[in-house]
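Work through the exercises below with the sequence and the coordinates at hand. Each task is followed by a solution in steps.

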There are 2 protein chains.
Amino acid sequence: MSEHIVSSYDRDLEVLGRRIAEMGGIAEKMLAEAMDALANFDIELAHRVVATDQRLDALQREIEENAILTIARRQPLAIDLRECIAAMRIAADLERVGDLAKSIAKRTVKILSEARVPRAIIGLKTMAEVAAMQLKDVLDAYAQRDVERARAVWTNDSELDALEDSVFRDLLTFMMEDPRNISFCTHLLFCSKNIERIGDHTTNIAETIVYLVTGESMPTDRPKGKSSSISPSVETDEPSQ
Amino acid sequence: MSEHIVSSYDRDLEVLGRRIAEMGGIAEKMLAEAMDALANFDIELAHRVVATDQRLDALQREIEENAILTIARRQPLAIDLRECIAAMRIAADLERVGDLAKSIAKRTVKILSEARVPRAIIGLKTMAEVAAMQLKDVLDAYAQRDVERARAVWTNDSELDALEDSVFRDLLTFMMEDPRNISFCTHLLFCSKNIERIGDHTTNIAETIVYLVTGESMPTDRPKGKSSSISPSVETDEPSQ
């Protein structure tokens with residue numbers, strides 16, 4: 001390979017990495033703002049989250065196209081090929097994180113008129129904080145190609161699953177206490193599932209980082225918190241890719 | 001390109017097509033069996049659905065690897081490049097269809113002990129029948145590269161969304177009638193969301209077929225049924241890719 005080709009290949013990868021970092025920043029912001037909008041019933045902010053999603057979609061398409069063009073043009077092998085594949089996979093996961101945040105924002109707009117039991121939202125906020133931290137960690141792990149940090153993110157996902165179990169039980173209790181809570185709490189159940197799925201996509205990204213650096217795949221079994229028989233955590237709702 | 005290369009390229013594409021057809025058949029069967037297991041509380045069948053999912057995961061990995069190797073080796077352009085990209089995208093959607101069916105099967109095992117209001121499942125069965133028909137249609141459309149049929153699948157997804165709205169309202173009513181229904185019906189709510197998401201993945205496949213044949217992307221707005229304020233259909237829960 002001539003030096004010229006090597007350097008344009010490096011430039012291709014650099015552009016991919018920058019676009020992924022941009023997507024990661026947008027996805028983090030969407031999650032934080034969607035939760036603020038939900039906690040404060042801030043409709044304007046919810047609409048902004050919804051609008052932001054287009055940028056994420058456009059970036060994903062751009063990354064996919066660039067990665068495939070790079071594979072076709074440069075015929076990379078081994079680690080270099082994995083760089084392109086990893087970029088495509090991570091972009092797909094980040095795009096879905098944005099969609100899930102957008103979904104929470106859309107529910108906020110929907111349930112405004114029937115807002116009840118504010119304490120029902122507290123558990124969701126805790127879940128979202130853990131999900132946000134995990135997302136930040138995995139993006140750092142990708143930037144630094146840090147396999148150990150990626151593995152830690154993968155393991156910590158069980159915390160989010162345990163939190164979802166607890167939120168699920170609380171929401172069920174609020175529903176049983178007063179049937180007028182049923183519709184509102186049902187929407188919150190879906191929001192909590194969305195946050196749990198953001199955790200699953202974060203875990204997918206962790207797996208991709210391990211594959212990128214080592215060439216190996218992670219075991220197919222995900223770490224899962226203990227779940228009770230009434231638990232919503234059916235762990236295949238959003239599986240690894 | 002020499003004739004030798006052209007013919008091995010055709011063979012690559014043929015293998016990809018066969019694998020996609022195999023995945024489609026497995027995904028269809030998983031959905032049908034998961035619904036049978038739920039309707040009849042058939043635990044053995046539910047476990048079989050869960051076990052089948054591994055085959056789907058393995059096929060998806062194989063298709064992704066083969067498509068990328070084909071891109072790297074043959075450096076295809078235009079329609080040939082789109083064939084490889086489409087195969088990867090469709091495989092990812094079919095893998096998720098299987099996961100969602102597996103999720104329904106896992107819930108069946110979970111809710112067995114608290115099975116209540118059998119009529120609550122009727123609406124879900126109707127939804128699953130529509131989803132199965134849509135999935136069959138889109139797989140046929142892919143096999144025949146039939147853009148019109150793909151567009152019809154895309155449009156018909158609104159029927160599934162409207163059905164989900166109606167199932168959502170029914171389940172909420174059962175919960176309000178008797179708090180002892182709340183836990184069981186909540187699990188069914190998630191099952192109904194899973195079926196709706198199977199519809200979304202089917203619609204993704206329809207979009208991929210249009211892209212494959214025409215090189216054009218579909219509009220980003222999905223067809224959606226009319227939704228009430230208590231509707232669960234927040235349309236970004238599982239968006240187009």
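A residue is called buried when its relative accessible area is under 20%, and exposed when that area is over 50%. The model is predicted.

**Exercise 1.** Decide whether Thr202(B) is buried or exposed, and list what Thr202(B) touches.

Solution.
- Locate the residue: Thr202(B) belongs to helix α6 of chain B, residues 182–214.
- Apply the cut-off: the relative accessibility of Thr202(B) is 0%, so the residue counts as buried.
- Collect the neighbours: leaving out residues up to four places away in sequence, Thr202(B) is in contact with Gln134(B), Leu135(B), Val138(B) and Val153(B).

**Exercise 2.** Check the span of helix α5 of chain A against its number of residues, then describe its N-terminal end and its bend.

Solution.
- Helix α5 of chain A covers residues 147–177, which is 31 residues.
- At 1.5 Å a residue the expected span is 45 Å; the end C-alpha atoms lie 46 Å apart, so the two values agree.
- At the N-terminal end, Asp146(A) acts as the cap of α5(A), with a side-chain oxygen 3.2 Å from the backbone nitrogen of Glu148(A).
- At Thr155(A), α5(A) bends by about 25 degrees.

**Exercise 3.** Summarise the make-up of chain A: which elements, what share of buried residues and what exposed area?

Solution.
- Chain A holds 6 helices and 0 strands, in the order α-α-α-α-α-α along the sequence.
- Of its 241 residues, 58% are buried.
- For contacts in chain A between residues at least 6 apart in sequence, 85% link residues at least 24 apart.
- The exposed area of chain A is about 9,500 Å², with 52% supplied by carbon and sulfur atoms.

Terms used: Residues numbered from 1 in each chain as written. Chains lettered and ligands numbered in written order. Predicted model: local features only at pLDDT ≥ 70, side-chain atom pairs only at ≥ 80, totals over all residues. Heavy atoms only, no water. Helix = DSSP H or I, 4+ residues; strand = E, 2+ residues; numbered from the N terminus. Expected span 1.5 Å × (residues − 1). Bend = angle between axes of the 7 residues up to and from the residue. Polar contact = N/O pair within 3.5 Å; in protein donor to acceptor, adjacent residues only side chain to side chain. Buried < 20%, exposed > 50% of the residue type's maximum accessible area, 1.4 Å probe, protein only. Contact = heavy atoms within 4.5 Å. Areas by Shrake-Rupley, 256 points an atom, 1.4 Å probe, with all protein chains shown as cover.
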